[in-house]
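User: Hi! I am new to reading protein models. Could you walk me through this one, step by step?

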Amino acid sequence: MPERRALITGITGQDGSYLAEFLLAQGYEVHGLVRRVALEDPEHRLSRLIDIMDRLHLHAASLESYASIHQVVEQVRPEECYHLAAQSFVSYAFDDEFSTLNANINGTHYLLAALRRLAPACRFYFAGSSEMFGHAEHVPQNEKTPFHPRSSYGISKVAGFELARNYREAYAMHCSSGILFNHESPRRGFEFVTRKITSGVARIRAGRAKELRLGNLEAQRDWGHARLYVAAMWRMLQEPSPDDYVVSTGETHSVREFAEKAFAVAGLDYRDYVVTDPALYRPAEVSLLLGDSTKARQKLGWSYSLPFEALVREMVESDCRLAGVPL
Ligand code: NAP
Ligand code: GDD
């Protein structure tokens, strides 16, 4: 069977790297859209792709430029496109609403417009987010829960979700959105709370830090493993008809609980190290996220069974290894 061609935007990120590995294993020809600077500094900016670099086709482009996206789509003519690239850090969205809205909304629009023109049969995945539910009316949240975003990031994801839906309805394109709840891994960016905690534990264990400053410890999230979530993205694009799906574990835990478990893995008590810093609170918080992924489980046959404790342990062990203090 000839190789299928997939294009991943955001291939350098946590999810992009796992998805690239997944698609290579399925026999795809995998193309990635990356920023020019990434090609100039591969050691740092392509570090998550290091083991598969020689099997990837990387193309320089930016979410801010329609011309660059058009050019990549024209060169690749993908059969499947996974649009993961975004300014994805919610805290930063409060510091710079303009670049968050600009990159996330226009980037999605540019990509859809280029695909419509150059590869209209391409199947498209949009990386939606549980941040779209924000101050949610219902617990747990499913595909029917109304959106109430609490940041420009959440707003940009609602806009991207609606763009994907509109291209599906107006131009009959195969556009699906995954509404993914938080997912983590040893490849998570250091600014997100789980990795901040697990890398903090490692630094404290290595004697390089004495405390860990965190914001709101009572926020609750439905945390899954990124490696297991990328399979759901792929399954969405294998369906005969496009649709939208919640992807989540169905369990929620507080930041405090994550910290407690992470420190405990290293034999430490979080209360001796964690300092609450009001400067790290957000102007508008999303207090509780809990997903109901019944539709993804029933329609896509996707399943998730990794215990929360196993995710925390994997991340702490990995960061302690990296810090030279293996457990
Ligand atoms: P991530 O690690 O932050 O990766 C983001 C990717 O987007 C990186 O490859 C980054 O490239 C790229 N990017 C950012 N701005 C860009 C620009 N202007 N031009 C081109 N590329 C740009 O995020 P992730 O955790 O893998 O998440 C993937 C997607 O899923 C994102 O859209 C995120 O919003 C969404 N999502 C994530 C979660 C989660 O819990 N992880 C949950 C729901 C939805 P550089 O490496 O060059 O910065
Ligand atoms: N980052 C961070 N740093 N968050 C903290 C801290 C801290 O020091 N202290 C407490 N928190 C709380 C935040 O206030 C938030 O309630 C929670 O920890 C999770 O924060 P993040 O890990 O930054 O993730 P997020 O939930 O805001 O966003 C992530 O998940 C979304 C899906 O729900 C990102 O991956 C988004 O891109 C994604 O869409």
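Analyst: Gladly! Let us begin with a term we will need: a salt bridge is a side-chain nitrogen of Lys or Arg within 4 Å of a carboxyl oxygen of Asp or Glu. Please keep in mind that this is a predicted model.

User: How many salt bridges are counted between domain 1 and domain 2?

Analyst: The general idea is that side chains of opposite charge can pair when their charged atoms come close. Here, the count between domain 1 and domain 2 is one salt bridge. You can also look at the side chains of Arg 221 and Glu 131, which meet in a salt bridge with 3.8 Å from N to O.

User: Which residues belong to domain 1 and which to domain 2?

Analyst: In the domain assignment, domain 1 is made of 5-183 + 223-247, and domain 2 is made of 189-221 + 251-287 + 307-322. Taken over C-alpha atoms, their centres are separated by 27 Å.

User: How do I describe the place where the two domains meet?

Analyst: Start with contacts: 14 residues of domain 1 touch 19 residues of domain 2. Next comes area: about 1500 Å² is buried between domain 1 and domain 2, and carbon and sulfur atoms give 62% of that. On the domain 1 side, Phe 89, Arg 150 and Trp 223 supply 51% of the area buried against domain 2, more than any other three residues.

User: How many residue pairs are in polar contact between domain 1 and domain 2?

Analyst: There are four such pairs, with both residues at pLDDT 80 or more. On the side of domain 1 that touches domain 2, the elements giving two or more residues are α5 (90-95) and β10 (224-225). Of the elements there, α5 gives the most, with three residues. Sorted by class, that side of domain 1 has four nonpolar, six polar and four charged residues.

User: Now the ligands, please. Which residues are closest to ligand 2?

Analyst: Ligand 2 is surrounded by 23 residues, and the closest are Ser 88, Ser 129, Ser 130, Tyr 153 and Arg 282. Then look at individual atom pairs. The side chain of Arg 188 has an N or O atom 2.8 Å from an oxygen atom of ligand 2. Arg 221, which we met in the salt bridge with Glu 131, has a polar side-chain atom 2.8 Å from an oxygen atom of ligand 2. A polar backbone atom of Gly 215 is 2.7 Å from a nitrogen atom of ligand 2.

User: And which residues are closest to ligand 1?

Analyst: Ligand 1 is surrounded by 23 residues, the closest being Thr 12, Arg 35, Leu 84, Ser 88 and Tyr 153. Ser 88 and Tyr 153 are also listed among the closest to ligand 2. Thr 12 places a polar side-chain atom 2.5 Å from an oxygen atom of ligand 1. Backbone atoms take part too: a polar one of His 183 is 2.9 Å from an oxygen atom of ligand 1, and a backbone N or O atom of Gly 10 is 3.3 Å from an oxygen atom of ligand 1.

User: How many salt bridges does the structure hold?

Analyst: The structure holds 16 salt bridges. In one of them, Arg 187 pairs with Glu 21, their closest N and O atoms being 2.8 Å apart. Arg 187 sits in the loop between β7 (183-184) and α8 (193-205) and Glu 21 in helix α1 (residues 14-25), so this pair ties together parts that are 166 residues apart in sequence.

User: What should I look for in the backbone?

Analyst: Most residues other than glycine have a negative phi, and most peptide bonds are trans. Arg 77, which is not a glycine, has a positive phi of about 45 degrees, and Arg 77 is in the loop between α4 (66-76) and β4 (80-83). Val 139 and Pro 140 are joined by a cis peptide bond, with omega about -5 degrees. Pro 140 is in the loop between β5 (123-129) and α7 (152-171).

Terms used:
Residues are numbered from 1 along each chain as its sequence is written. Chains are lettered from A and ligands numbered from 1 in the order in which they are written. This is a predicted model: local features need pLDDT of at least 70, side-chain atom pairs count only at pLDDT 80 or more; totals for chains, interfaces and linings use all residues. Side-chain values use heavy atoms; hydrogens and water are left out. Domain bounds come from an automatic or database domain assignment. Contact means heavy atoms within 4.5 Å. Buried area is the accessible area (1.4 Å probe) that two parts lose on being put together, summed over both. A polar contact is a pair of N or O atoms within 3.5 Å; within protein, one must be able to donate a hydrogen and the other to accept it, and residues adjacent in sequence count only if both atoms are side-chain atoms. Helices (H or I, at least four residues) and strands (E, at least two) are DSSP runs, numbered from the N terminus. Ala, Val, Leu, Ile, Met, Phe, Trp, Tyr, Cys and Pro count as nonpolar, Asp, Glu, Lys and Arg as charged, and the others, Gly among them, as polar. A residue is near a molecule or strand if one of its heavy atoms lies within 4 Å of it.
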